[in-house]
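This report describes side-chain interactions and burial in a predicted model. Salt bridges come first, followed by aromatic pairs, a helix and its surroundings, and a surface patch.

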Amino acid sequence: MKQRLTVLGSTGSVGTSTLDVVARHPDRFEVFALSAAKQVDAMLAQCARFRPRFAAMAHEPAARELASKLEANGLPTRVLTSPGALETLASHDETDAVMAAIVGAAGLSSCLAAARAGKKLLLANKEALVVGAELFMDAVKQGGARLLPIDSEHSAIFQSLPEDASTWDARVEKIILTASGGPFRTREPASLRDVTPEQACAHPNWVMGRKISVDSATMMNKALEVIEAHHLFGMPPQRLEVVIHPQSVIHSMVQYRDASVVAQLGTPDMRVPIAYGLAWPDRVASGAAALDFSALADMTFESFDSRGHRDRFPGLQLAWDSLRAPPGTTAVLNAANEVAVEAFLAGRIRFDQIHAVNASTLASVTPTPPRSLDDLLALDDESRRAAEAVVRKLPDSGAP
């Protein structure tokens with residue numbers, strides 16, 4: 001029986017990679033629904049190829065345009081644009097699995113809906129855990145959902161851990177997340193004020209969207225991944241470590257109590273963790289190239305404390321600081337970072353001011369522990385307004 005899949009964020013990099021894997025296995029997977037923000041032509045092409053029953057568009061004008069083009073091309077896909085469309089598709093009785101690939105806090109409510117409905121939830125949206133935290137994990141537990149991480153690092157950790165989660169605490173010493181260091185790993189910290197959006201988005205190893213590329217350049221992406229790993233695997237902050245590994249061949253590692261280390265290796269291609277999540281517990285062809293060990297360059301590792309990395313990437317420490325702070329603090333950090341990155345990409349602040357926005361917002365917002373989605377959304381809104389106020393007050397905030 002085919003697995004019926006809903007892909008939320010289907011026109012983004014993770015969404016298109018997911019559909020590439022799906023297309024290689026028509027006997028195993030069937031696309032039930034797709035969603036996007038406003039990329040009409042890309043969505044039209046996906047609907048023509050995969051014939052989903054539903055397509056959801058976040059922007060109403062884009063939805064109307066898509067519906068018109070679908071009708072003109074004789075395609076039967078029904079277009080949704082209501083406020084609850086994503087939640088409806090994520091929890092639909094005919095959806096077996098949900099690929100959650102919407103970037104940012106915008107994907108939280110649909111992730112919660114899928115979790116509460118007990119779906120197989122392929123989580124590429126790390127903000128669901130960073131923002132949702134205990135509320136999201138409670139929904140997974142109560143709904144009986146099967147949560148599978150799609151971030152390459154968390155998929156690697158999941159593959160390197162014992163199958164029996166009840167033994168993790170007793171058998172595991174620590175989790176080690178690897179980071180490439182992004183495009184500015186060797187750049188002088190003082191020169192980061194001159195970084196342009198184009199430079200920040202030019203990742204040396206991965207092809208990603210602009211927001212996550214900037215996060216990788218600041219290593220805020222790794223900070224969010226530390227927070228995500230804490231919730232996914234139940235590891236306390238002091239047992240989470242980051243090591244810089246420029247080649248992006250080892251995607252993450254688990255060190256056991258006996259000092260042995262288990263690692264997952266692969267080419268830097270998101271189709272590998274996507275294929276693992278889609279087919280779990282089986283393995284299927286991903287379309288990615290296999291590692292050629294005879295041609296593999298030397299693998300190197302750098303401590304976060306070496307080579308000036310703490311000055312170069314001050315935002316990484318915010319992960320541990322936020323995890324030790326009151327519940328809701330990680331949601332504040334995420335909201336601040338989204339505002340800061342958007343402001344940088346728009347030319348309103350410099351690259352080196354992103355951290356200032358995040359740190360100042362954390363200092364100005366004292367969260368009340370969120371107990372519902374409405375609480376989380378209210379905290380997210382408060383944090384965004386506080387971050388925007390910081391952006392407006394920054395001196396010399398124009399881009400270079």
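**Salt bridges**

E225 and K222 form a salt bridge in which the closest N and O atoms are 2.7 Å apart. Both residues belong to helix α11 (residues 220-233), and because they lie 3 residues apart there, about one helical turn separates them. E225 and K222 are both buried. Salt bridges with shared partners also join D20, R24, D269 and R271 into one network.

A second pair within a helix is that of K211 and D215, whose side chains meet in a salt bridge at 2.5 Å, N to O. The two residues are 4 residues apart in helix α10 (residues 210-218), so they too are separated by about one helical turn. K211 is buried, as is D215.

The salt bridge between D96 and R4 has its closest N and O atoms 3.1 Å apart. This pair links distant parts of the chain: D96 lies in the loop between α4 (85-90) and β5 (97-100), R4 lies in strand β1 (residues 3-8), and the two are 92 residues apart. D96 counts as partly exposed because its relative accessibility is 28%, a value that falls between the limits of 20% for buried and 50% for exposed.

The count for the model comes to 24 salt bridges. The three pairs described above are set out below.

| Pair | N to O separation | Location |
|---|---|---|
| E225 and K222 | 2.7 Å | helix α11 (residues 220-233) |
| K211 and D215 | 2.5 Å | helix α10 (residues 210-218) |
| D96 and R4 | 3.1 Å | loop between α4 (85-90) and β5 (97-100); strand β1 (residues 3-8) |

**Aromatic pairs**

A search of the whole structure finds 6 aromatic pairs. One of them brings together F32 and F54, with ring centres 5.6 Å apart; the planes meet at 70°, so the arrangement is edge-to-face. Distant parts of the chain are linked by this pair, as F32 is in strand β2 (residues 29-36) and F54 is in strand β3 (residues 54-57), 22 residues apart. F32 is buried, its relative accessible area being 4%, and F54 is buried with a relative accessible area of 10%.

The rings of F184 and F351 also pair, with centres 5.3 Å apart and planes at 75°, so this pair is likewise edge-to-face. It links distant parts of the chain, 167 residues apart: F184 is in the loop between β8 (172-179) and α9 (197-200), and F351 is in the loop between α15 (329-345) and α16 (354-364). F184 is buried at a relative accessible area of 4%; F351 is also buried, with a relative accessible area of 4%.

Elsewhere, ring pairs link F158, Y276 and W280 into a cluster. W280 has a further partner in R146, whose charged end sits over the W280 ring, 4.7 Å from its centre.

**Helix α5 and residue G132**

Why does helix α5 (residues 108-116) count as largely enclosed by the rest of the structure? The reason is that 8 of its 9 residues are buried. The buried residues are L108, S109, S110, C111, L112, A113, A114 and A115. Their packing partners are β1, α4, β5, β6 (120-123), α6 and α17 (373-393). G118, which follows α5, has a positive phi near 75°.

One of the elements packed against α5 is α6, and G132 is found in helix α6 (residues 127-143). With a relative accessibility of 4%, G132 counts as buried. Leaving aside residues up to four places away in sequence, G132 touches L108, E127 and L376. G132 and S216 are 84 residues apart in sequence, and their C-alpha atoms are 22 Å apart in space.

**Nonpolar surface patch**

L265, F293, M299 and F301 make a nonpolar surface patch of about 370 Å². Within this patch, M299 lies in the loop between α12 (271-279) and β12 (302-303). M299 is partly exposed, because its relative accessible area is 34%.

Conventions. Residues numbered from 1 in each chain as written. Predicted model: local features only at pLDDT ≥ 70, side-chain atom pairs only at ≥ 80, totals over all residues. Heavy atoms only, no water. Buried < 20%, exposed > 50% of the residue type's maximum accessible area, 1.4 Å probe, protein only. Contact = heavy atoms within 4.5 Å. Phe/Tyr/Trp six-rings, centres within 6.5 Å; stacked < 30°, edge-to-face > 60°. Lys NZ or Arg CZ within 6 Å of the ring centre and 35° of its normal. Patch = residues over 30% accessible without salt bridge, like charges linked within 9 Å, V, L, I, M, F, W, Y side chains within 5 Å. Areas by Shrake-Rupley, 256 points an atom, 1.4 Å probe, with all protein chains shown as cover. Salt bridge = Lys/Arg side-chain N within 4 Å of Asp/Glu carboxyl O.
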